[in-house]
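Q: Could you take a close look at the enclosed spaces inside this protein for me? I'd like to know what lines them.

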Amino acid sequence: MNKIALLNGISAALLSINVSAAEYNPYFSLKGSISQIQNDTTAVSDYSFGGVTHHINTLSDKTHKDSVFGLKAALGTSKALKYGQLRGELELASSETSKEHNQFNFKISKNYIHNFDIKTSYYSAMLNLYYDIDTGTKFTPYIGGGIGYARVKSKAVVTGDIPGGHLDISSSTHENNFAWQLGFGVSYQVTNNIDLDFGYRYSDYGNAKDSVTTPIPNLGAPLYADAKYSITSQEVLLGFRYSF
């Protein structure tokens, strides 16, 4: 009698686990993106003689953007709710290098035109959460967001003429940042296992900072410069989800 009761208990437990597991549907997602990366740059240079400030130059660039391609892959699972489903996933992403160019007046003894070029790229890992809205059709709109980690790299090159010579500064920096994103989109069910996905998101990958000291022998004193880069992007995504 005890053996029968034990077998019945084990069977009931296994059935409960199977039912519980059936409520969650794992999936794999792969998306390509076109991202408009904006690098809001503030750079301040201090050229001084014997510790006495001679000229301070400030560059503030919040207008230049570049569109690049990116790739995002994710593993996740979904759970059915009364009016849709909830999806959670771990997403890994990377982008091409964006390039920005600007010119500004650099003053030492008089104004000189200098070229300022920035290259920016990132890698990220995000924990995303989405809510799929059931429409009773093959089209499913969704909203969501995520938080995670981003490794941001920026490289700046400044070139131009200075009294008695040429200025050529190159410096790169990288930061490990907190990142977040918000977005929305719509999916279309092709088969029971495959959904096409089209979406938009706004992402913030945090800041990067850099400091440079450049000797200028012809003028007898070094140039000190501090720069701060704030990297955000607006992304259009197209891809698919495969449910196991």
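**Inside the cavities**

A: Sure. The biggest contributor to the lining of the largest cavity is S10, with five residues. Strands here are DSSP runs of E, at least two residues long, numbered from the N terminus.

Some ground rules: this is a predicted model, where local features need pLDDT of at least 70, side-chain atom pairs count only at pLDDT 80 or more, and totals for chains, interfaces and linings use all residues. Residues are numbered from 1 along each chain as its sequence is written, and side-chain values use heavy atoms, with hydrogens and water left out.

Searching the whole structure turns up two cavities of 30 Å³ or more. A cavity is a set of points, on a 1 Å grid over the protein atoms alone, where a 1.4 Å probe fits but cannot get out; lining residues have an atom within 4 Å of a point. Volume is the space filled by probe spheres set on the points, which are joined across faces, edges and corners.

The largest cavity comes to about 270 Å³. Its lining has 21 residues, with Ala43, Phe116, Val158, Ile169 and Ala225 nearest the centre. Besides S10 (223–243), strands giving at least two residues each include S1 (24–49), S7 (139–162) and S8 (165–189). By class, that lining is 15 nonpolar, four polar and two charged; Ala, Val, Leu, Ile, Met, Phe, Trp, Tyr, Cys and Pro count as nonpolar, Asp, Glu, Lys and Arg as charged, and the others, Gly among them, as polar.

The second largest cavity is about 50 Å³. Among its lining residues are Lys31, Tyr130, Gln181 and Arg201, and S8 and S9 each supply at least two. The split there is five nonpolar, three polar and two charged.

Note on methods: On a 1 Å grid over the protein atoms alone, a cavity is a set of points where a 1.4 Å probe fits but cannot get out, and a pocket is an open set with protein on both sides within 12 Å along at least five of seven lines; lining residues have an atom within 4 Å of a point. Helices (H or I, at least four residues) and strands (E, at least two) are DSSP runs, numbered from the N terminus.
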